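Me: I'd like to learn how to read the features of a protein model, one at a time. Could you take me through this one?

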Amino acid sequence: MSSRMYKPTDHVIKKSYLPSIQKYKEMYERSLTESELFWTEVAQEFQWHVAPKPGGFMKYNFDITKGRVFVKFMEEAELNVCYNLLDRNVKNGFGDKIAFFWEGNSPDDYTRITYRKLLDLVCQFANGLLAKGIRKGDRVAVYMPMILEAVICMLACARIGAVHTVVFAGFSSDALAERLSDAKAKLLVTADGAWRGERMYVYKRTCDDAIEKARTFFKHRVDMCMVVNHLDRVTPGGSLKSEIKDLYNWNEETDIWWHEVLEGESNICPPEWVAAEDPLFVLYTSGSTGKPKGVVHTTAGYLMYAAATFRYVFDYHRRDVYWCTADVGWITGHTYVVYAPLANAATSVMFEGTPYFPKVDRYWSIINKYKVTQFYTAPTAIRALMAHYNVEDGNLTMPDLSSLRVLGSVGEPINPAAWLWYYTRIGKERCSIVDTFWQTETGGHVITGLPGATPMKPGAAEKKHPVYYSSMDTFRPKQGWDRTVMIVHLPNKSNRTRGFPFFGVEPKILNEDGVEIEGPGEGYLVFARPWPGMMRTLLEDQDRFERVYFSKFPGYYCTGDGVRRDEDGYLWITGRIDDMLNVSGHLMSTAEVEGVLASDPRVSEAAVVPKPHEVKGEALYCFVVLKEGLQFDADLVKTLTLLVRQKIGAFAAPDTIQNAPGLPKTRSGKIMRRILRKIAVGDHEVGDISTLADPGVVEELFNNRPAEAKPKTG
């Protein structure tokens, strides 16, 4: 059964690069059958120091039975990403065009920067890096709020051939220390702190702790820490309890202010021409083993793919103003805040604050202020804001949003109610919604809608009962029920459509035996060929790269997600089929959280599963088994919650921690997570439990569910 389709309106179609589904199909077919010609035409838009050679377009091996997995794209060519994002645009007449409108946490803090000024500052900072001994191939860690210096630092690294690794500034000092060590970072660039809403975050203090932990626990020394003096220049979101200078320590041997690095440096810095397959950046994503994976993206392919996806998915035109709300610490911020917009000479909004400060209309006020035409955000924000805007009562008014043409969704499920609210209340039934599926590993959108071309589907037919999937090893597709990135769905919850593959991407649906499912059907989402922007390896861990992504189905890249193709050809992502959690768009592994919980000396064992959450998409539901004779109480719950916040970050804080007398395990010792997911949502239809070593533990776990986890009655 298909859900209702919403056709693109004339408001969108009249400006669209692809004004019909037929145009998309023709271009998509050409991207597969004439792939070298297709991407060569994209490449001609950019400046090359050594031009790509005919016949050297793409070399790869996806089949681990035939040797090492590799992907090489235009490998003999040379270019510089920063040059193509800034110098090229200045030379093409866009020097005075606004690159970014920067909007601070307070509405009183805002500025703008042109392409020419951005180039000047990037060159100055690049020269400053060179003066401090940073060279091509060195790794520079970045732990920054959403300020322009984050972009400047990333582009300065690209200019001199250094490799940046940006760490989301919500991660704890422990998580930052692990990434600093794994990347072997020589330099850490941060800010003294920032305000988000009424709360101040002192990043310098976190960085000091991380540098010390990297040295003590990982035997890695970070040579230098560069610090942006940000707090002194912005309006406080709340009251200051002490002087800013007293919030952190200063080490004269290793710490240096950003403005001192720039002092006296020239605004001319010749670019370092690098090979097409030289690394551009490393970005860490959670792994199912708990150890973060350092995803490596290279230069030419990433640049071209980012540029192409941005242009067509957001239907960007020269006079548009684009806004992606993602943080630069995630892949969405890398690709669709920094690299892709600048590659298209776009004008973007960069926002430091939250949707709710100083009032809940902040997003809409910014859209109105800058006349934003493309708005790209996460469903978590949409769902949270819905609660403040009752459509029937009209209890809050919105400013004029008529500038909008394209609305985007990224990172997690958007349920039909949120989709329809987004479409009607924000888009006024005039805008196209592009719901994008991609991963840190893919570099850019791989399955998506396209404005003007693809009709939109907000949700799927509901089923009476939810269906649960276990880990990748035991995944069995269930016909007729969908879920999205959420591993569990409650009754009356529908799912998320993604649309169709982007150009050059060839998705397949495989069953457990690796047999392709053609036509409508459900199974594993894999890709049969590489595209220019995909990851090349995991940092210094090629074996893990091959094991995680290519061992399940030799000859295919396995995404770790399930997928369903409906009778109209739409692809629906049915969710993670490995042990991963997705909370407000932050992907983390169960093993990572379980390891933190088990580090408390009172905890014998822990298991974590996702539970559906109306706002966050998923919340963490934790089961902890205590050592014999110890008591489970509110103080323990508080301690464990704070421990997770400290070790991983506030976004990972559990919603529920349950006392568990034991865990449902098979006789071989494997935890049956599908049963824990059932317990988390209170669904007693757990299926066959005869293979459990102790079937009685299931009823005990149901009886032990905390009161706040049980549905309210009456």
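Reply: Gladly. Let's begin with a definition: a residue is called buried when its relative accessible area is under 20%, and exposed when that area is over 50%. Keep in mind that this is a predicted model.

Me: Let me try that on a loop residue. Is Glu-540 buried or exposed?

Reply: With a relative accessible area of 56%, Glu-540 is exposed, because the value is over 50%. Glu-540 sits in the loop between strand 25 (537–538) and helix 15 (542–550).

Me: What about the backbone there? What is the phi of Glu-540?

Reply: First the general idea: most residues other than glycine have a negative phi, and most peptide bonds are trans. In Glu-540, phi is positive, near 55 degrees, although the residue is not glycine. Lys-219 is another non-glycine residue with a positive phi, of about 55 degrees. Lys-219 belongs to the loop between helix 8 (203–217) and strand 11 (224–228), and its relative accessible area of 70% makes Lys-219 exposed.

Me: You mentioned trans peptide bonds. Which residues does a cis peptide bond join here?

Reply: A cis bond joins Phe-357 and Pro-358, with omega about -5 degrees. Pro-358 is in the loop between strand 17 and helix 12.

Me: Can a loop residue be covered as well? Is Gly-449 buried or exposed?

Reply: Gly-449 is buried, at a relative accessible area of 7%. This glycine lies in the loop between strand 21 (447–448) and strand 22 (497–501). As a distance to try in your viewer, the C-alpha atoms of Gly-449 and Ser-35 are separated by 21 Å, with the two positions 414 residues apart along the chain.

Me: Now the aromatic rings. How many aromatic pairs does a search of the whole structure find?

Reply: The search finds 57 aromatic pairs. To read one, look at the distance between ring centres and the angle between the planes; an angle over 60 degrees counts as edge-to-face. Phe-310 and Tyr-322 are such an edge-to-face pair, at 4.8 Å centre to centre and 85 degrees between the planes. Phe-310 is in helix 10 (residues 300–313) and Tyr-322 in strand 16 (residues 321–324), so this pair ties together parts 12 residues apart in sequence. Both Phe-310 and Tyr-322 are buried.

Me: Why is the pair of Phe-351 and Tyr-363 edge-to-face?

Reply: Their ring planes stand at 70 degrees, with centres 6.2 Å apart, so the pair is edge-to-face. Phe-351 is in strand 17 (residues 347–351) and Tyr-363 in helix 12 (residues 362–370), so the pair links distant parts of the chain, 12 residues apart. Phe-351 is buried, with a relative accessible area of 6%, and Tyr-363 also counts as buried, at 6%.

Me: Do rings gather in bigger groups, and which residues do ring pairs link into a cluster?

Reply: Ring pairs link a cluster that includes Tyr-17, Trp-39, Tyr-305, Phe-500 and Tyr-570.

Me: Rings can also face charges. Where does the charged end of Arg-179 sit?

Reply: The charged end of Arg-179 sits over the ring of Phe-171, 4.4 Å from the ring centre. Likewise, the charged end of Lys-369 sits over the ring of Tyr-110, 3.9 Å from its centre.

Me: Next, internal space. Which residues line the second largest cavity?

Reply: The general idea: rolling a probe the size of a water molecule over the atoms shows where empty space is left. Here there are two cavities of 30 Å³ or more. The second largest cavity holds about 40 Å³ of space. Among the residues lining it are Phe-171 and Arg-179, along with Val-166, Leu-283 and Trp-330. The lining divides into seven nonpolar residues, one polar and one charged.

Me: Last, the strands. Which side chains of strand 2 point to one face and are buried?

Reply: In strand 2 (residues 70–73) the side chains alternate: Val-71 and Phe-73 point to one face and are buried, while Phe-70 and Lys-72 point to the other and are not. Strand 2 pairs antiparallel with strand 1 (residues 58–61) over four bridges, and Lys-59 stands opposite Lys-72.

Me: How many residues of strand 24 are buried?

Reply: Seven of the seven residues in strand 24 (residues 521–527) are buried. Strand 24 pairs antiparallel with strand 23 (residues 507–510) over four bridges, where Lys-508 has Val-526 as its bridge partner. Six bridges also join strand 24 to strand 26 (residues 557–565), again antiparallel, and Tyr-524 stands opposite Gly-562 in strand 26.

Methods
Residues numbered from 1 in each chain as written. Predicted model: local features only at pLDDT ≥ 70, side-chain atom pairs only at ≥ 80, totals over all residues. Heavy atoms only, no water. Phe/Tyr/Trp six-rings, centres within 6.5 Å; stacked < 30°, edge-to-face > 60°. Helix = DSSP H or I, 4+ residues; strand = E, 2+ residues; numbered from the N terminus. Buried < 20%, exposed > 50% of the residue type's maximum accessible area, 1.4 Å probe, protein only. Lys NZ or Arg CZ within 6 Å of the ring centre and 35° of its normal. 1 Å grid on protein atoms, 1.4 Å probe; cavity = no way out; pocket = protein on both sides within 12 Å on 5 of 7 lines; lining within 4 Å. Points joined across faces, edges and corners; volume = space filled by probe spheres on them. Nonpolar A, V, L, I, M, F, W, Y, C, P; charged D, E, K, R; others polar. Pairing = 2+ DSSP bridges.
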